[in-house]
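Colleague: Please take me through the nonpolar interior of this model in detail, and then through whatever else in the two chains you think should be looked at alongside it.

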Amino acid sequence: MNDLYIAIVNQLDNGIILLDEKLNIQLWNKWLVKYTGKSEEEVKGLPITTVVPRLDKKIYAYMFEKALLDEQKSFCSAAMHQYFVERKCAKMKPPRQNILIQHIQVEHTSYLMIEVYDVSNHFKRIQNLNKHIKSSVDFSKSLEHFVYYDSLTNLPNRKFVLDRLERLIEEEAKLFSLFFIDLNGFKAVNDQYGHLQGDLLLQMFAERCKHFTQKQEVFARLGGDEFVLLVEHMTTANAVEQYKAKIHELLREPFIIEEHQIVISASIGCACFPQDGTTARQLLSVADYQMYLQKAKK
Amino acid sequence: MTTTQEDILKELYNVFVGEAANLLSEILQKRIFLSVPEIKLLGLHELKSGEQEVLNPVINGTVLSTSLRFGNVFSGRADFIFPAEQIKYLTALCLGEEYTEENEELSFNDEDFDVVKEIGNIILNSIMGGMGSLMEMKLEYDVPQVILHNAGEFYKTLTSSGDSNVLLLYVSFDIDNSKVLGIILIKFSLESIEFLIRKVDEISRDLDE
């Protein structure tokens with residue numbers, strides 16, 4: 001065989017075994033010498049099943065026959081076969097190998113080539129890579145949550161609402177209403193019971209809001225004691241009044257904090273798209289103004 | 001295709017995959033049954049029609065495909081596809097591992113790809129070998145390539161090279177009393193499909209005589 005080709009085969013980073021038609025070894029490359037500790041001289045001319053006993057099975061005899069007669073290529077995975085060639089150091093844990101069996105024809109002589117790939121470390125590497133990717137994805141998800149959700153109440157925040165409003169406005173065909181809700185008497189709660197209790201009240205109100213919210217509705221906290229409710233596909237005066245009544249209903253039951261019954265109410269303003277504004281800021285500003293008008297009446 | 005032609009092809013492909021099932025059973029040391037319960041010849045444009053209720057969600061979803069090109073005179077491309085969500089189930093069944101719903105995350109490792117590549121290799125080898133014998137010619141083909149296609153990508157790849165005929169084979173895997181469905185799509189050139197049907201007609205005539 002041409003020396004150059006042999007030199008190339010010996011440089012490869014995987015095992016190459018060449019068999020003649022009688023399945024005797026004709027070539028055993030350097031990678032295999034290092035891997036198994038068996039020199040080429042030792043194995044040359046011997047039947048493959050003597051040197052690699054794990055290939056002494058009916059299934060591999062069938063694959064060899066199919067390769068020689070029909071030029072069929074067979075891939076055998078470590079997942080389903082574990083390994084084929086024994087490693088030099090038997091004390092190490094069993095290797096994992098993929099093999100590829102294929103036919104080679106040189107002039108009128110047929111050979112079988114078996115390529116051996118050690119994939120012992122691949123699985124672990126990919127597993128580690130997957131773990132790393134998963135933690136990166138989890139981190140970006142938590143970052144996204146941090147950007148779009150209020151840390152105290154876990155409700156969507158101002159940025160979430162503004163983004164959603166802009167998207168709905170871009171769609172144009174969609175109608176929606178925006179309610180601006182300001183809690184009355186919240187400052188007094190903070191002053192009387194302390195900020196921790198005030199925060200607790202906001203969290204309890206947020207829980208009630210979450211239960212109330214349905215599909216195509218967003219309840220969000222803008223900051224302090226200001227909240228908004230965004231309702232898609234709804235702008236009629238009648239429906240707006242019904243929603244206001246529902247929000248008041250949310251506050252009907254007192255909040256019980258450290259055995260104190262705290263009752264608060266809300267002032268609500270509303271803006272509808274597109275009649276009350278065509279930008280997110282215009283709509284927020286109209287709803288805010290309407291809320292102040294309500295508050296002034298109280 | 002007439003019903004008789006379809007029946008003959010279905011029987012032939014059942015024999016081909018039967019041989020693959022024997023090999024897989026031997027490798028995995030467990031009984032594996034493979035069958036082709038349904039076969040259809042369609043134009044590529046018909047693949048997306050509403051009639052293909054089972055096929056549509058599969059070819060438009062995330063799939064793992066093992067693909068190969070074959071032949072010179074009798075030529076085409078064969079794709080063996082599995083819905084991505086069934087891959088973990090299939091590998092667990094093949095490797096005798098316990099499958100739990102938590103494992104259903106759509107992240108695959110080399111092992112999953114290799115199992116699919118080997119199963120694809122065995123089944124497509126049997127089918128190509130069988131078709132080669134049927135056509136009385138040696139079909140040239142390589143070890144299939146495994147590719148993970150995101151939703152919709154597989155259909156785009158399949159239809160990117162203009163219209164042609166596709167032989168659609170549903171392949172049912174029966175392992176440890178569990179069933180997994182894979183689909184083989186063999187895309188033929190027009191001459192090749194005519195050649196295949198002529199061969200089927202010859203068999204039909206032989207059966208009649």
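Modeller: A nonpolar core is here a set of buried Ala, Val, Leu, Ile, Met, Phe, Trp, Tyr and Cys residues joined through C-beta atoms within 7 Å. A residue is buried if 20 or more other C-beta atoms lie within 10 Å of its own. The model is predicted. By that definition its largest nonpolar core has 63 residues. B:Tyr13, B:Val17, B:Ile123 and B:Val171 are the members with the most contacts inside this core. Helix α1 of chain B, residues 3-28, gives the most to the core, namely eleven residues.

B:Val17 is a convenient place to start. Leaving aside residues up to four places away in sequence, B:Val17 touches B:Leu34, B:Ser35, B:Val36, B:Ile123, B:Ser126 and B:Val171. Two of these partners, B:Ile123 and B:Val171, are themselves among the residues with the most contacts inside the core. Nonpolar side chains tend to be buried together in soluble globular proteins. There is also a second, separate core, with 31 residues, including A:Phe180, A:Leu202, A:Ala220 and A:Ile262.

Next, the covered strand in chain B. Strand β2 of chain B, residues 63-70, has seven of its eight residues buried. β2(B) is paired with two strands, β3(B) and β4(B). With β3(B), residues 76-83, β2(B) runs antiparallel and is joined by eight bridges; B:Thr66 has B:Phe80 as its bridge partner there. The two strands form a hairpin with five residues between them, and B:Gly71 in the turn has a positive phi of about 70°. With β4(B), residues 145-149, β2(B) is again antiparallel, joined by five bridges. In that pairing B:Ser67 is matched with B:Gln145.

The contact between the chains takes 20 residues from chain B and 22 residues from chain A. On the side of chain B that touches chain A, α1, α3 (84-95) and α4 (110-135) each supply at least two residues. The largest share of that side comes from α4(B), with nine residues. Its residues divide into seven nonpolar, five polar and eight charged. Helix α1(B) thus appears in two places: in the contact with chain A, and as the element that gives the most to the 63-residue core.

Chain A, for its part, has twelve helices and eleven strands. Of its 298 residues, 26% count as buried. Among its contacts between residues at least 6 apart in sequence, 55% join residues at least 24 apart.

Some backbone values in chain A should be checked. Most residues other than glycine have a negative phi, and most peptide bonds are trans. A:Glu258, which is not a glycine, has a positive phi of about 50°, and A:Glu259, also not a glycine, has one of about 65°. A:Glu258 is found in the loop between β9 (255-257) and β10 (260-262) of chain A, and so is A:Glu259. A:Glu258 counts as exposed because it has 10 C-beta neighbours inside 10 Å; A:Glu259 is exposed too, with 5 other C-beta atoms within 10 Å. The cut-off for exposed is 12 or fewer. Separately, a cis peptide bond joins A:Phe273 and A:Pro274, with omega about 10°. A:Pro274 lies in the loop between β11 (265-273) and α12 (280-297) of chain A.

Key:
Residues numbered from 1 in each chain as written. Chains lettered and ligands numbered in written order. Predicted model: local features only at pLDDT ≥ 70, side-chain atom pairs only at ≥ 80, totals over all residues. Helix = DSSP H or I, 4+ residues; strand = E, 2+ residues; numbered from the N terminus. Contact = placed C-beta atoms within 7 Å. Nonpolar A, V, L, I, M, F, W, Y, C, P; charged D, E, K, R; others polar. Pairing = 2+ DSSP bridges.
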